[in-house]
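Could you take me through this structure one feature at a time, giving the general idea before the particular case?

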Amino acid sequence: METAEFRRHAHALVDWMADYLERVETYPVRAQVKPGEIAARLPLAPPEEGEPMERIVRDFERDVLPGMTHWQHPSFFAYFPANSSPPSVLAEMLTATLGAQCMLWQTSPAATEMETRVLDWLRQLIGLPEGFTGVIQDSASSAILCAILTARERATGWRANEEGLAAGPPLTVYCSTETHSATEKDAKVAGLGRRNVRKIAVDERFALRPDALEAAIVEDRAAGAVPACVVASLGTTGVGAMDPLRPIGEVCRRHGVWLHVDAAWAGSALLLPEHRALLDGIEHVDSFVFNPHKWLFTNFDCSAHFVRDPRALVRTLEILPAFLDTRERPQVIDYRDWSVPLGRRFRALKLWFVLRSYGAAELRRRIAAHIALAGELETWLTAAPDFELTAPRSLALLNFRYRPRGLDDPAALDRLNERLLAALNDSGALYLTQNRVRGRYSIRVSIGQRATERRHVEAAWQRIQETARALGA
Ligand code: PLP
């Protein structure tokens, strides 16, 4: 494609992008296609000759778009948000155009130095103390993996990397029964074995119980295992539970166990000083992750991983073939040593665009607005006689179920709410996900899309009530 042609198509696509963001509300939120429907529209063999861009874009609109779930739709209340923003999209365009592979300082010094700087901006914004150094990972799962790997090396005196784990005693990892499945997956990947992950009991607010954690560590040690890592959560995926960092940190200190904090979603709320008490005990924390790609208006992927001792992380991951050596190596950061993949996109640029374009005050205002909307929905749900919250609201996350008067059979209530959720999502008007809270089928609402306003939450609540009452009648 010649430059003039590229320019023409790029302009047209920017118009498409702006129109899309303007009309995103007119699409069904969750894709309404059946399995295989999109595949059936895609040719089985690749084209032999190049095709005109007009045709490719037309087919994108006709054959691909119907199979997209619109995550930037203001009535997207499913999972956690992956909210992007116009400044972030603009930066992504530049990143794609530069097409740089930023694995080493030398392969793009600006990418490395900007990453260090914007991660320190983020550290300040969420109130993490000095002494934490940041790196961008592709996902919270990768950050947890890095934490478990570093903990593994520390617990084995840096031998597991050399000798493998077969020779030593089992290493154990601890998290609550509410913790995201990433911890278990990462323990598998790190070679620790899933059965060496201890799921610790939670209290009445779904937070990890430090006394149960300590008992498990003591018991494992007595049985010959080496407790290596605790993954505490600020904002679990199901109900948004907040594990108490101070007492957990004290247990970790007493037993020499690595403490990682997974704040993948809730970390963005730490921009608001009123939530900073969640960081009480942070001095005991070895590593911390939160995802600007969830709730900080920054396109996926962008996971902010902070470590207290970067040397430990680098010692765990570094490997130096001759072709990756550089003259500057002793003076600079080579982020390839800070994460599992070697190659890295220029991800700091979108954060730089977002943080500068909005400014901290506007980011705080937007996150506070999401939390306030969830607070309003909580009030409406609590006041409705035939609905109930199944867990306390956490920030902008709610779990509820429909419970019409006279219907008390647990299995029937589960089925009714399952049908309610399917009907709501099939309508295309909004998108919610399911959860189990203390065994009860629950509907989970997570508010956090950039374009979500009060009217969207009001409309969602209206539809939830009407659909539920029609089903329950
Ligand atoms: N931790 C929590 C609390 C999450 O909610 C999620 C995903 O929603 C993850 C970890 C995994 O995030 P990622 O997709 O960045 O690996």
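The dialogue below takes up the ligand site and then the two sheets.

Q: Before we begin, what kind of model is this?
A: This is a predicted model.

Q: Which residues are around the ligand?
A: A residue belongs here if one of its heavy atoms lies within 4 Å of the ligand. By that reading the residues around the ligand are Phe80, Ser139, Ala140, Ser141, His180, Gly235, Thr237, Asp262, Ala264, Asn291, His293 and Lys294. They divide into three nonpolar, seven polar and two charged residues.

Q: How far is an oxygen atom of the ligand from polar atoms of alanine 140, asparagine 291 and lysine 294?
A: A pair of N or O atoms counts as a polar contact within 3.5 Å. An oxygen atom of the ligand is 2.7 Å from a polar backbone atom of alanine 140, while for asparagine 291 the distance from a ligand oxygen to an N or O atom of the side chain is 3.0 Å, and for the side chain of lysine 294 the corresponding value is 3.2 Å. Taken alone, the ligand exposes 400 Å², of which the protein buries 86%. Helix H5 (140-155) and helix H10 (292-295) are the elements that give two or more residues to the shell around the ligand.

Q: In what order do the seven strands of the open sheet lie?
A: Strands of a sheet pair through backbone hydrogen bonds, and the pairing may be parallel or antiparallel. Here the order is E1-E7-E6-E5-E4-E2-E3, with mixed pairing, and the edge strands, each pairing on one side only, are E1 (133-137) and E3 (197-200). From one strand to the next the twist averages 20°. Within this sheet, E4 (residues 226-233) and E5 (residues 258-262) run parallel and are joined by five bridges; serine 233 has aspartate 262 of E5 as its bridge partner, and Asp262 is also among the residues around the ligand.

Q: Which strands does helix H7 lie across?
A: Helix H7 (residues 182-189) lies across E2 (171-176), E3 and E4, and it runs at about 165° to E3.

Q: What is the strand order in the open sheet of four strands?
A: The order is E8-E9-E11-E10, and the pairing is antiparallel. Its edge strands are E8 (387-394) and E10 (433-437), and the twist averages 35° from one strand to the next. Five bridges join E8 to E9 (residues 397-402), where arginine 401 is the bridge partner of glutamate 388. Helix H12 (residues 348-383) lies across E8, E9 and E11 (440-446) at about 150° to E8, while helix H14 (residues 454-472) lies across E8 and E9 at about 145° to E8.

Key. Residues numbered from 1 in each chain as written. Predicted model: local features only at pLDDT ≥ 70, side-chain atom pairs only at ≥ 80, totals over all residues. Heavy atoms only, no water. Polar contact = N/O pair within 3.5 Å; in protein donor to acceptor, adjacent residues only side chain to side chain. Areas by Shrake-Rupley, 256 points an atom, 1.4 Å probe, with all protein chains shown as cover. Nonpolar A, V, L, I, M, F, W, Y, C, P; charged D, E, K, R; others polar. Pairing = 2+ DSSP bridges. Axes fitted to C-alpha atoms, helices over the stretch in contact; angles between N-to-C directions. Contact = heavy atoms within 4.5 Å.
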